Amino acid sequence: MKLYWCPRTRAFRAAWMLEELGRPYERVPIDVRDEAARADPAFRAASPMGKVPALVDGAVKLWDSGAICLYLAEAYPQAGLGVAIGDPARAAFLQWTLYTNAVIEPAMGEKFGGRPVNTLQNGYGSFDLMIATLAAGVTPGPWILGARFTAPDVLLGSAVHFMELFKILPDNATLRAYAERCRARPAFQRAAALEGA
């Protein structure tokens, strides 16, 4: 597998997921802030929008962090990061796997942009509703689906981690404890070490 990656981007999620998977992969640095680097033909074949992360696994090419995590969980089930079709927890697995890209990121955009709250018009609701829903989901713990760490924890955990770094995470003990559990994982620490490399 090949991961097109750039530090301080959403590619951190894919690197963390790959570290959780425990399979070898090649990390290909791409400076997405440089137009010439983004124009690299091999990179654009993997990522038509010129964004990271992008994953190449044989004939498979993906360029969205949520899709990458879902794909890896299902393509490599032996890692135990997915939930099989037919399992009663499958619906929650899918819901929470999509939550970061569909709800958290638009809500963060609302917060950063100072946009007015419009829970009827905005499919993600609002920043405050996003936080309350996520905290309620994590409350039974220790992970979003209970006792077992799964792919959505990579996405949600990285989002909570970055909200803390950006200083927009409200004072929420549940989410702060969740972030600490995520950061304590060896795979998270290996992915974080890549950020500083």
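Contact here means heavy atoms within 4.5 Å. The exercises below concern a predicted model, in which local features need pLDDT of at least 70 and side-chain atom pairs count only at pLDDT 80 or more, while totals for chains, interfaces and linings use all residues. Residues are numbered from 1 along each chain as its sequence is written, and side-chain values use heavy atoms, with hydrogens and water left out.

**Exercise 1. A loop residue**

Work out where Val32 sits, whether Val32 is buried or exposed, and which residues Val32 touches.

*Solution.*
- Start with the elements: helices (H or I, at least four residues) and strands (E, at least two) are DSSP runs, numbered from the N terminus. Val32 is in the loop between S2 and helix H2 (35–38).
- Next, the cut-offs: buried is under 20% relative accessible area, exposed is over 50%, and partly exposed is in between (1.4 Å probe, protein chains only). Val32 has 19% relative accessibility, so Val32 counts as buried.
- Now the neighbours. Leaving out residues up to four places away in sequence, Val32 touches Cys6, Thr9, Arg38, Phe43, Gly50 and Val52.
- Finally, a distance to check in your viewer: from C-alpha to C-alpha, Val32 and Ala15 are 16 Å apart in space, and they are 17 residues apart in sequence.

**Exercise 2. A glutamate in H1**

Find the helix that holds Glu19, and say whether Glu19 is buried or exposed and what Glu19 touches.

*Solution.*
- Glu19 belongs to helix H1.
- The relative accessible area of Glu19 is 16%, so this residue is buried.
- Look for partners beyond four places in sequence, and you get Tyr25, Ala187, Arg190, Ala191 and Leu194.
- Pick up H9 (residues 186–196) at this point: Ala187, Ala191 and Leu194 are among the buried residues of that helix.

**Exercise 3. The buried sides of H9 and H8**

Which residues of H9 and of H8 are buried, how are they spread around each axis, and what do they pack against?

*Solution.*
- A reminder first: an α-helix has 3.6 residues a turn, so residues three or four places apart point the same way.
- In H9, the buried set is Ala187, Phe188, Ala191, Leu194 and Glu195. They span an arc of only 115° around the axis (taken from the directions from the helix axis to the C-beta atoms), which puts them on the same side of H9.
- Turn the helix around: the face away from the buried side of H9 carries exposed Pro186 and Gly196.
- As for the cover over the buried residues of H9, it includes strand S1 (2–5), helix H1 (11–21), strand S2 (26–29), H7 and helix H8 (173–183).
- In H8, the buried set is Leu175, Tyr178, Ala179, Cys182 and Arg183. These fall within an arc of 135° when you look down the axis of H8, so they line one face of the helix.
- The buried residues of H8 pack against H1, H6, H7 and H9.

**Exercise 4. Two helix pairs**

Describe how H4 packs with H5, and how H6 packs with H7.

*Solution.*
- Set the conventions. Axes are lines fitted to C-alpha atoms, for helices over the stretch in contact, and angles run from 0 to 180 degrees between N-to-C directions. Angles under 35 degrees count as roughly parallel, over 145 as roughly antiparallel, 65 to 115 as roughly perpendicular and the rest as oblique.
- H4 (residues 65–75) and H5 (residues 90–113) pack at about 150°, their axes 8 Å apart. That makes H4 roughly antiparallel to H5.
- From H4, Ser65, Gly66, Leu70, Ala73 and Glu74 meet Arg90, Phe93, Leu94, Thr97 and Asn101 of H5.
- Sort the residues of this contact and you get 4 nonpolar, 4 polar and 2 charged. The classes are: Ala, Val, Leu, Ile, Met, Phe, Trp, Tyr, Cys and Pro nonpolar, Asp, Glu, Lys and Arg charged, and the others, Gly among them, polar.
- H6 (residues 127–138) and H7 (residues 151–165) pack at about 130°, with axes 13 Å apart. H6 and H7 are therefore oblique to each other.
- Phe127, Met130, Ile131 and Leu134 of H6 make the contact with Leu156, Val160 and Met163 of H7. This contact has 7 nonpolar residues, no polar and no charged.

**Exercise 5. Backbone oddities**

Where are the cis peptide bonds at Pro53 and Pro142?

*Solution.*
- Most residues other than glycine have a negative phi, and most peptide bonds are trans.
- Val52 and Pro53 are joined by a cis bond, omega about 5°, and Pro53 is in the loop between helix H3 (41–46) and strand S3 (54–57).
- Gly141 to Pro142 is also cis, with omega near 0°; Pro142 lies in the loop between H6 and H7.
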